[in-house]
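Colleague: Hi, got a minute to walk me through this one? I'd like to start with the ligand.

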Amino acid sequence: MDRKEINIRYAEYCSIQELSDSDRELASEAILATANSYAPYSNFHVGAAIRLADGTIVTGANQENIAYPSGLCAERTAMFYAAAKYPDTPMKTIAIAASSDGVLCPEPATPCGACRQVMAEYQTKGGSPISIILVGSEKIWKFDRVDDILPLIFDSLGK
Ligand code: THU
């Protein structure tokens, strides 16, 4: 028996000012998109902004429903919209932010497992890494590819 380890590399920034111009723009769009969230049940307003390979930015926000499971996370709202509208343009970067009571959360908002799995599929479909920027007011994390937030990705039916 061998004990194995999986290491995850990511960058931590103290402010969006430290990001590149293009990442800062995307992070700002994710923050703005939190305002489009419909979250009367959780009061957790999540915004996602995706940069496509041609530079287009698509945003989404979580949409809740009184029948709770009918709602959808911000990330999947944005990814499904991007894929439905621009099916042939790969996604390059997704930025995610969350706010409560109009205040940006200090800690980065981390995507749920289902959203990570959907990101993984679009990364495979697009044929190049999707980087992920998780935006908090006190720290920002950047991961270079979906594999970094979803180790041991399910992507094969045993072939
Ligand atoms: N939510 C997202 O939009 N993205 C995530 O990655 C985690 C959770 C939403 C779902 C629900 O509307 C609210 O946040 C509370 O879970």
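Modeller: Sure, let's take the ligand site, then a hairpin, then the annotation. Keep in mind that this is a predicted model.

Colleague: Good to know. Which residues are around the ligand?

Modeller: Around the ligand you'll find Ser-42, Phe-44, Val-46, Asn-62, Glu-64, Cys-73, Ala-74, Glu-75, Thr-110, Pro-111 and Cys-112.

Colleague: And what does Asn-62 do with the ligand there?

Modeller: Asn-62 places a polar side-chain atom 2.9 Å from an oxygen atom of the ligand. From the backbone, a polar atom of Ala-74 is 2.9 Å from a ligand oxygen, and a polar backbone atom of Cys-112 is 3.2 Å from a ligand oxygen.

Colleague: How much of the ligand does the protein bury?

Modeller: The protein buries 75% of the 370 Å² that the ligand exposes when taken alone. The space it takes is the largest pocket.

Colleague: Switching topic: how do β2 and β3 run?

Modeller: They run antiparallel, with β2 covering residues 45-52 and β3 covering residues 57-61, and 5 bridges join them. As one example, Ala-48 has Gly-60 in β3 as its bridge partner.

Colleague: What about the turn of that hairpin, where is the positive phi?

Modeller: That's Gly-55, with a phi near 95°; the hairpin has 4 residues between the strands.

Colleague: Last one: what does UniProt place at residues 21-157?

Modeller: An unreviewed UniProt entry lists "domain: CMP/dCMP-type deaminase" for that span. In the model, residues 21-157 are 28% helix and 25% strand, and their end C-alpha atoms lie 40 Å apart.

Definitions and conventions
Residues are numbered from 1 along each chain as its sequence is written. This is a predicted model: local features need pLDDT of at least 70, side-chain atom pairs count only at pLDDT 80 or more; totals for chains, interfaces and linings use all residues. Side-chain values use heavy atoms; hydrogens and water are left out. Two strands pair if DSSP finds at least two bridges between them. Helices (H or I, at least four residues) and strands (E, at least two) are DSSP runs, numbered from the N terminus. UniProt positions are given in the numbering used here, feature names are shortened, and annotations may be inferred rather than shown by experiment. A residue is near a molecule or strand if one of its heavy atoms lies within 4 Å of it. A polar contact is a pair of N or O atoms within 3.5 Å; within protein, one must be able to donate a hydrogen and the other to accept it, and residues adjacent in sequence count only if both atoms are side-chain atoms. Accessible areas come from the Shrake-Rupley method with a 1.4 Å probe; for residues, only the protein chains shown count as cover. On a 1 Å grid over the protein atoms alone, a cavity is a set of points where a 1.4 Å probe fits but cannot get out, and a pocket is an open set with protein on both sides within 12 Å along at least five of seven lines; lining residues have an atom within 4 Å of a point. A molecule sits in a cavity or pocket if more than half of its atoms lie within 2 Å of its grid points.
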